[in-house]
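Here is a walk through one protein chain, written for someone with the model open on screen. Take a look at it first, and then we'll go through it piece by piece.

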Amino acid sequence: MSRIYIFTGKGGVGKSSVATAHAIKSAKEGKKTILVSTDMAHNLGDIFERSLGKEPVEIFDNLDAYEIDPEYVMEHDFKSITDCVANMLPETDNQDFSNAGMVPGMEELFSLLKISEIQKNGVYDRIIVDCAPTGETLSLLKFPELLSWYMEKLFPIGKVAVRLLSPVSKAAFKVELPNKKAMNDIEKLYLKLQELQELFKNREVTSVRIVTTPEKMVVEETKRNYMYMNLYDFNVDGLYINRILPKDMNNPFFEQWLEIQKKYIKEIKESFGILPIYEIPWYEEELKGQKAVERITIDALTDKDVFCIKTIHGREVFQKNDKGYLLDVALPGADKREMDLFQSGTDVVIKLKNFKRNIPLPNVIRSYMITSAKLEDGVLHIQFEKGGSDDE
């Protein structure tokens, strides 16, 4: 089974170089490897100092590189899904939505579909993904769940109801409900979204690795990134501290920088002690070209377990207790003052600053209500009781 390793981090921390170093190491171990970029500002071609096309390109034995072009993928690899999305949307006098790429989030969806296709084909042992900066990575990974949730709300009716309502819907509501064929397409897309969610949240298949540097703003964003990744139930199983200055520089100009880095390296290790942490030195040269990037593999990736499967936090867990049911959600680093929690219909809604996640409730709990919630040691415990109150 192909393993997927997703690298993310704040813009400018060197995640592309770190991802590339892993790809080179993997290939040299004899594993068939592909290095994939989902960042629209692709720079794998710059790192390898060669032009990359719209299809995977062989770099050397066991290593291919691929800069995904979502529009090309939409047109050439998933035309049926593109048509399905377009058919779900109306046409107006001023806009033609036949181009599904106009729908927000579609580029992310098709990038994920392409990675899923590569994984399913089984040609590669390892798929190394160089993602866009933190916020865009979260948008990329959470989109299948978000779109799936909206589809559940928008298309909950069966085919019989569709046939009965279609003749009156356009006149009464100025909306034309999808016909039988469209509903089949919707069901296929919904199943595809479920597959994507399972793939990228499967801890036996997918790992998320965060790259950071020992600087205040970067460290703070790294903490938030880790918290949000756990909010959406992704398995973060590695942290890389990049550009660490050598201690023996003997240069007064860098003394203050060394102290600053020492402070934040200590903070990173205290905050992320549960994760495997790799330290990457600062280099006096630009990391361009295969030989330059290989320095990272020699200096920081000597651990033979760097590609091992690691499960740091389990999925959100529903369990029965003497009061009713308890839901546990891992949220390391979360501050309860920045959190909002409520029950909306058949969902539990958790908000952390600008991010929100809807967790569907199992059928057996849908008649229960939230009676209490407690954030303890990085885990949010939510208690449900029969006939309870949603007051916290």
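## A strand with two faces

Which side chains along strand β11 (residues 339–344) point to one face and are buried, and which point to the other and are not? Met-339, Leu-341 and Gln-343 are the buried ones, pointing to one face. Asp-340, Phe-342 and Ser-344 point to the other face and are not buried. Buried here means under 20% relative accessible area, exposed means over 50%, and partly exposed is in between (1.4 Å probe, protein chains only).

β11 is joined to strand β12 (residues 347–352) by six bridges, and the two run antiparallel. Across from Gln-343 in β12 sits Val-348. The hairpin of β11 and β12 has two residues between the strands, and Gly-345 there takes a positive phi near 60°.

## The ground rules and the overall picture

This is a predicted model, where local features need pLDDT of at least 70 and side-chain atom pairs count only at pLDDT 80 or more, while totals for chains, interfaces and linings use all residues. Residues are numbered from 1 along each chain as its sequence is written, and side-chain values use heavy atoms, with hydrogens and water left out.

The chain has 11 helices and 15 strands. Helices (H or I, at least four residues) and strands (E, at least two) are DSSP runs, numbered from the N terminus. Of the chain's 392 residues, 49% count as buried. Take the contacts with a separation of 6 or more: residues 24 or more positions apart account for 71% of them. Contact means heavy atoms within 4.5 Å.

## A four-stranded sheet

Now for an open sheet of four strands, in the order β9-β10-β15-β14, with antiparallel pairing. Two strands pair if DSSP finds at least two bridges between them. At the edges are β9 (317–320) and β14 (368–376), each pairing on one side only. From one strand to the next, the twist averages 20°.

β14 and strand β15 (residues 379–386) run antiparallel and are joined by eight bridges. One bridge to look up: Glu-376 has Val-379 in β15 as its partner.

## Two helices that cross

How do helix α5 (residues 106–121) and helix α6 (residues 134–154) meet, and at what angle do their axes cross? The axes come within 9 Å and cross at roughly 100°. That makes α5 roughly perpendicular to α6, a label for angles of 65 to 115 degrees (under 35 is roughly parallel, over 145 roughly antiparallel, and the rest oblique). Axes are lines fitted to C-alpha atoms, for helices over the stretch in contact, and angles run from 0 to 180 degrees between N-to-C directions. On the α5 side, the contact is made by Met-106, Glu-108, Leu-109, Ser-111 and Leu-112. The α6 side brings Ser-139, Leu-140, Leu-141, Phe-143, Pro-144 and Leu-147.

Also in helix α6 is Ser-148, which counts as buried because its relative accessibility is 2%. Leaving aside neighbours within four places in sequence, Ser-148 is in contact with Tyr-190, Leu-193, Gln-194 and Gln-197.

## Helices α9 and α11

α9 has 16 residues and reaches 23 Å from first C-alpha to last, close to the 22 Å expected at 1.5 Å a residue. That expected span is 1.5 Å times one less than the number of residues. Among the buried residues of α9 are Val-218, Val-219, Tyr-226 and Leu-231.

In helix α11 (residues 290–300), the buried residues are Ala-292, Val-293, Glu-294, Ile-296, Thr-297 and Ala-300. They pack against α1 (15–28), α2 (44–48) and β8 (277–281).

## Positive phi in the loops

Most residues other than glycine have a negative phi. Asp-233, which follows α9, has a positive one near 70°. Asp-233 is in the loop between α9 (216–231) and β7 (236–244). Is Asp-233 buried or exposed? Asp-233 counts as buried, because its relative accessibility is 3%. Beyond residues up to four places away in sequence, Asp-233 touches Lys-201, Arg-203, Gly-314, Arg-315, Glu-316 and Arg-357.

Glu-49 is not a glycine either, and has a positive phi of about 55°. Glu-49 lies in the loop between α2 and β3 (57–60) and counts as exposed at 56% relative accessibility. Asn-62 has a positive phi near 75°, sits in the loop between β3 and β4 (63–67), and counts as partly exposed at 26%.
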